[in-house]
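This report describes the architecture of one protein chain, taking its sheets, helix packing, cores and selected residues in turn. The sequence and the structure are shown below.

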Amino acid sequence: MNRFGYVKVAAATPMLRVADCEYNGAQTISMMQQAADSGVQAVVFPELGVTASTCGDLFMQRTLLKGAEQTLMQIVEASADFPLVAIVGLPLVANDKVYNCAAVVSQGMLIGVVPKTYLSAAERKYFDSGANNHAEEIEIAGFSAPFGTDLTFAIDGVQFCVEIGQDAEAPIPPSTFQALQGAKIIFNLSAAAELTGKGEKREEMVRSYSKRSCSAYVSASAGFGESTTDMAFAGGSIIAENGEVLCAAERFSLTEQLIVADVDVELIENRRRQMALFTSNSELPYYRRFDVFSPEGAEFGEELARRINPMPFVPKAGAERDRRCEEAFSIQALGLVKRLQHTSCKSAVVGISGGLDSTLALLVTVKAFDLLGLDRKGIVGITMPGFGTTDRTYNNAVTLIKKYGVTFREIPIAEACKQHFADIGLPEGDRSVTYENAQARERTQILMDVANMTGGMVIGTGDLSELALGWATYNGDQMSMYGVNASVPKTLVRHIVEWRAEQEEDEAVKAALKDVVATPVSPELLPANEQGEIAQKTEDLVGPYELHDFFIYNFIRNGFSPEKILFMAENAFDGKHDRETILKWLRTFLRRFFMQQFKRSAMPDGPKVGSVSLSPRGDWQMPSDAVAAMWLKECDNL
């Protein structure tokens with residue numbers, strides 16, 4: 001395991017010859033060498049790969065069984081040259097019975113042998129179930145090795161377990177109990193014949209099981225070289241982690257394949273800490289654990305064999321993104337529907353600036369009113385031009401308010417703010433935070449008072465990213481009566497608005513929504529430039545939201561350290577943001593995140609949309625005076 005908690009694993013599909021143990025052993029050793037050259041720490045091979053799984057009645061031949069045993073010892077001997085663990089499949093005899101086994105091999109030693117538990121009807125002709133075994137050791141070539149379904153292993157302290165083929169499809173797979181007792185990586189040796197649609201089902205099974213067991217699942221599947229007398233084998237090896245497929249082999253390949261991925265053990269550990277299901281349970285079966293340590297001098301590098309998603313909150317493009325955007329949007333609308341029903345409100349007040357967040361809040365409110373069968377005129381859309389309002393944002397705001405058929409009101413704030421500046425003695429020309437925050441609070445006062453007049457509620461527009469950074473005026477835009485965007489990060493807000501634009505039939509609405517997406521993010525609290533364009537761009541001041549959303553996800557959801565977040569960001573944004581830029585904004589994020597907790601401690605209600613929320617009522621509970629010193633010190637040392 002490297003210093004960031006990654007373990008490099010592999011699934012191998014070698015070329016095989018049916019019943020040719022010597023040839024298959026040589027192929028296995030060759031692929032162990034390939035894995036070692038790739039920095040792999042643990043590699044798994046297909047089920048019965050030493051003999052091939054399609055030997056049929058030959059499994060009852062002593063010659064084949066002895067050949068498999070001799071080949072295993074050759075593999076064990078060869079493993080002394082490789083700084084990794086290899087898990088190979090073969091038939092072995094114990095207690096005068098033949099078992100379908102997985103042998104765990106490392107550093108010239110046979111660490112342990114795990115027999116298959118659940119057998120198909122065809123397999124029962126040749127093999128006995130590991131559940132029927134009563135021996136704790138197996139004799140191979142004159143020496144003993146641990147044997148049984150009660151074995152678990154660890155490489156450099158990272159616990160893993162092994163299961164074979166259909167064991168994974170049992171109602172309660174053997175690995176379930178081992179995962180509950182700490183196994184974080186599950187290796188599966190498979191030799192399933194290919195059928196139409198089987199590839200998709202296999203991937204779904206591996207993906208879902210890794211999610212359910214909160215683990216990394218590494219499945220090696222038999223491929224070309226197995227007998228095709230009655231069936232074919234496609235070699236569909238897969239590596240998944242916490243419900244996400246990290247890599248998959250090319251199916252129907254005529255050559256050997258080695259797929260490699262870095263699995264994030266720290267992520268698995270953090271996820272399990274968050275899940276009440278992964279707690280110690282004295283009623284679980286007892287497992288014998290065997291530790292494997294890397295040879296002295298073995299080094300595992302930090303070059304990742306996995307893709308780091310730069311947009312963790314944004315789903316993949318296409319149908320999946322449309323589906324996720326619709327789900328998030330529907331959750332927002334449903335939350336507001338319930339709140340409107342509970343309060344018997346027939347009016348909702350939304351401040352519309354022409355920016356992303358207020359546009360999304362308007363869209364959600366319109367949807368909620370439609371679901372309730374309420375007249376859209378009950379929505380009061382208020383535009384409040386101030387010192388920094390530009391024609392671009394103003395025109396988009398007006399277009400959307402009028403086109404959606406909501407009540408339009410325009411209430412300029414400049415004169416009221418000037419009077420307020422005079423009242424409090426703020427000098428003319430002062431452009432301090434007081435100048436900016438007074439405008440935000442003036443707008444909030446207008447919204448609250450209009451809501452009182454209409455018997456309605458103020459719909460909050462601030463998003464998750466702004467809450468994390470504290471980029472909101474306390475008791476200004478920080479406050480509302482229901483915050484529909486509170487758990488939607490800025491990067492997702494953009495995509496939801498873009499998705500809604502594609503749903504629109506009115507070309508004027510579609511054009512306005514697309515222009516909102518293209519407009520630079522700004523609070524528009526400072527006067528526009530001489531060309532009438534936005535002068536105050538948020539991302540110039542606090543940093544790119546794509547970076548901050550990346551920080552939010554990996555700091556809050558994954559619990560990673562600044563060092564690891566920096567390492568991941570350098571991989572994710574390679575060629576777009578350099579190390580110095582990432583570190584600069586990471587410091588900004590950490591500093592602001594800790595300092596601005598007091599705003600989140602007083603945030604309004606709002607629906608949770610995704611896996612990250614900053615609600616102080618159940619999701620993120622942090623004292624407002626927590627200190628960021630340790631996190632910032634770590635940044636200083638990077």
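The model is predicted. Within it, 3 bridges join strand β1 (residues 6-13) to strand β2 (residues 42-44), and the two strands run parallel. One residue pair illustrates this register, since A10 has V43 as its bridge partner in β2. Helix α2 (residues 62-78) packs on the sheet, where it touches β3 (85-94), β4 (97-106) and β5, and its direction makes about 150° with that of β3. Helix α5 (residues 265-274) also packs on the sheet, touching β1 and β14, with its direction at about 50° to that of β14.

The sheet to which these strands belong is open and has 6 strands in the order β5-β4-β3-β2-β1-β14, with mixed pairing. Its edge strands are β5 (109-115) and β14 (257-264), each of which pairs on one side only. From one strand to the next, the twist averages 30°.

A further open sheet is formed by 7 strands in the order β13-β12-β11-β10-β9-β8-β15, and here too the pairing is mixed. At its edges stand β13 (244-248) and β15 (288-292), each with a single partner strand, so one side of each is left without a neighbour in the sheet. Neighbouring strands of this sheet are turned by 25° against each other on average, direction ignored. Inside the sheet, strand β11 (residues 216-221) and strand β12 (residues 238-241) pair in the antiparallel sense over 4 bridges, and I238 in β12 is the bridge partner of S219. Helix α4 (residues 198-212) packs on this sheet, touching β9 (158-164), β10 (185-190), β11, β12 and β13, and its direction makes about 30° with that of β12.

The helix-to-strand angles are collected here.

| Helix | Reference strand | Angle between directions |
|---|---|---|
| α2 (residues 62-78) | β3 | about 150° |
| α5 (residues 265-274) | β14 | about 50° |
| α4 (residues 198-212) | β12 | about 30° |

Turning to packing between helices, the axes of helix α7 (residues 356-372) and helix α13 (residues 507-518) come within 9 Å and cross at roughly 145°. The contact is made by L356, T359 and L363 of α7 together with L513, V516 and V517 of α13. Sorted by class, the contact of α7 with α13 comprises 5 nonpolar residues, 1 polar residue and no charged residues.

The largest nonpolar core has 89 residues, and those with the most contacts inside it are F589 and F593. Helix α7 gives the most to this core, with 9 residues. Leaving aside its neighbours within four places in sequence, F589 is in contact with A468, L469, H548, F551, I552 and F555. A second, separate core of 42 residues includes A36, A68, M73 and V98.

Two individual residues have opposite exposure. S465 lies in helix α11 (residues 464-469) and counts as buried, because its relative accessibility is 0%, where the limit for burial is under 20%. Not counting residues up to four places away in sequence, S465 touches V488, P489, K490, Y545, D549 and I552. E169, by contrast, is found in the loop between β9 and α3 (174-180). With a relative accessible area of 53%, E169 is exposed, because the term applies over 50%. The C-alpha atoms of E169 and Y118 are separated by 8.8 Å, although the two residues are 51 residues apart along the chain.

Key:
Residues numbered from 1 in each chain as written. Predicted model: local features only at pLDDT ≥ 70, side-chain atom pairs only at ≥ 80, totals over all residues. Heavy atoms only, no water. Pairing = 2+ DSSP bridges. Axes fitted to C-alpha atoms, helices over the stretch in contact; angles between N-to-C directions. Contact = heavy atoms within 4.5 Å. Nonpolar A, V, L, I, M, F, W, Y, C, P; charged D, E, K, R; others polar. Core = buried A, V, L, I, M, F, W, Y, C linked by side-chain atoms within 4.5 Å. Buried < 20%, exposed > 50% of the residue type's maximum accessible area, 1.4 Å probe, protein only.
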